[in-house]
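Student: I am new to this structure and would like to look closely at a single part of it. Could you take me through one residue and its surroundings, step by step?

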Amino acid sequence: MDEVKDLAAQPLKKRIFSGIQPSGIITLGNYIGAIKNWVELQRDYECLYCVVDLHAITVRQEPAELRRRTFEAIALYVACGIDPEKSTIFVQSHVPAHAELAWVLGCYTGFGELSRMTQFKDKSQKHSDNINSGLFTYPVLMASDILLYQANLVPVGIDQKQHIELTRDVALRFNSVYGDVFTIPEPYIKETGMKINSLTDPTKKMSKSDPNPSSYIAVIENRDDTIRKIKRAVTDSDSVIKHAPGKDGINNLMSIYSCFTGKSFEEIEKEFAGKGYGDFKAAVGETCADGLENVRSEYARLIKDKAYIESIMKSGAEKAFYMSRKTLSKVYKKVGFYHV
Ligand code: TRP
């Protein structure tokens, strides 16, 4: 009896939700900025990690490629160390409640609020031939991803902070009308290493949708490509290895080096004092390729095991389905939908 009471008194683990779009090959930016942290978070939190394919079709996708990338993303999550026994790994379109809750939340989100989203403004400029309403309501779907699972924390890059703020606003608005339906989530943004920039334009974020493959390191590319791309990375005109404002290229390579070695910027500056960019880039390239080696070999093994990857998708979707139904039923009841 006492034992039962003790168990009940234990606080439940806080819940985490995050996702990546299968809209391109997963990059070093996604790995360092997101997945590597996700792996660590599994220790202390109950985690749900999703491949958000519904989000991906806000810009045109080649169907066969979207399908392949979705499969590869799940394999990569596992190869990186996300443990399907500990965390819920699933594909967004396998769980219908995401789209269902998004409809309801859309009715509680202002047109003006969505108009202020900087990602919408950026993307509608970039894809001016296809400014569809999904691109506009994208943050509502993201809010539904998070709120469906009553997530406490959402690890994201700084570029997604505005979407989390919107999620909170919508959740608070809904709760103020209907009572405590949603947990109010917090963004979880790591200060360092969160943002790896493009190798060809280090003032911009490293992006998997960049048409130039030299701009990014793909987590699963081969070792020689990684070393070559880093060797050719754009750097500034002086040749001192120093972390300083305006030295975006060197700062970026230092971040990459720091992430794989655990060294601080000062330590890196000391290590390369008196040395040139050539030496530094060679070291960054080797270290990065070494650091990704395990993930790459594990991925190569998993990608051949279709049955295993699909079994992870299936059991993840089942768990997510169950959790999401609980929230959705509550919402449907609160807003007054007839239940038989
Ligand atoms: N919008 C996120 C991005 O582009 C991806 C995403 C969709 C997401 N739904 C989410 C991230 C929910 C965290 C939580 O990076």
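Tutor: In this predicted model, His 163 belongs to helix α9, which covers residues 161–178. His 163 has a relative accessible area of 2%, and because buried means under 20%, this residue counts as buried. Leaving aside the neighbours within four places in sequence, the residues in contact with His 163 are Met 117, Gln 119, Tyr 138, Pro 139 and Met 142. The side chain of His 163 also makes a polar contact, at 2.8 Å, with the side chain of Gln 160.

Gln 160 leads us on to the ligand, since a polar atom of the Gln 160 side chain lies 2.9 Å from a nitrogen atom of the ligand. Tyr 138, which is in contact with His 163, has an N or O atom in its side chain 2.7 Å from a nitrogen atom of the ligand, and for the side chain of Asp 145 the distance from an N or O atom to a ligand nitrogen is 2.7 Å. Taken alone, the ligand exposes 370 Å², of which the protein buries 90%.

Turning to the wider setting, the ligand sits in the largest pocket, and the elements that give two or more residues to the shell around the ligand are β1 (15–20) and α8 (133–148). Of these, α8 gives the most, with four residues. There are 13 residues around the ligand, and those that come nearest are Gln 21, Tyr 138, Met 142, Asp 145 and Gln 160; Tyr 138 and Met 142 are also among the residues in contact with His 163.

Definitions and conventions
Residues numbered from 1 in each chain as written. Predicted model: local features only at pLDDT ≥ 70, side-chain atom pairs only at ≥ 80, totals over all residues. Heavy atoms only, no water. Buried < 20%, exposed > 50% of the residue type's maximum accessible area, 1.4 Å probe, protein only. Polar contact = N/O pair within 3.5 Å; in protein donor to acceptor, adjacent residues only side chain to side chain. Contact = heavy atoms within 4.5 Å. Near = heavy atom within 4 Å. Areas by Shrake-Rupley, 256 points an atom, 1.4 Å probe, with all protein chains shown as cover. 1 Å grid on protein atoms, 1.4 Å probe; cavity = no way out; pocket = protein on both sides within 12 Å on 5 of 7 lines; lining within 4 Å. Sits in = over half its atoms within 2 Å of the grid points.
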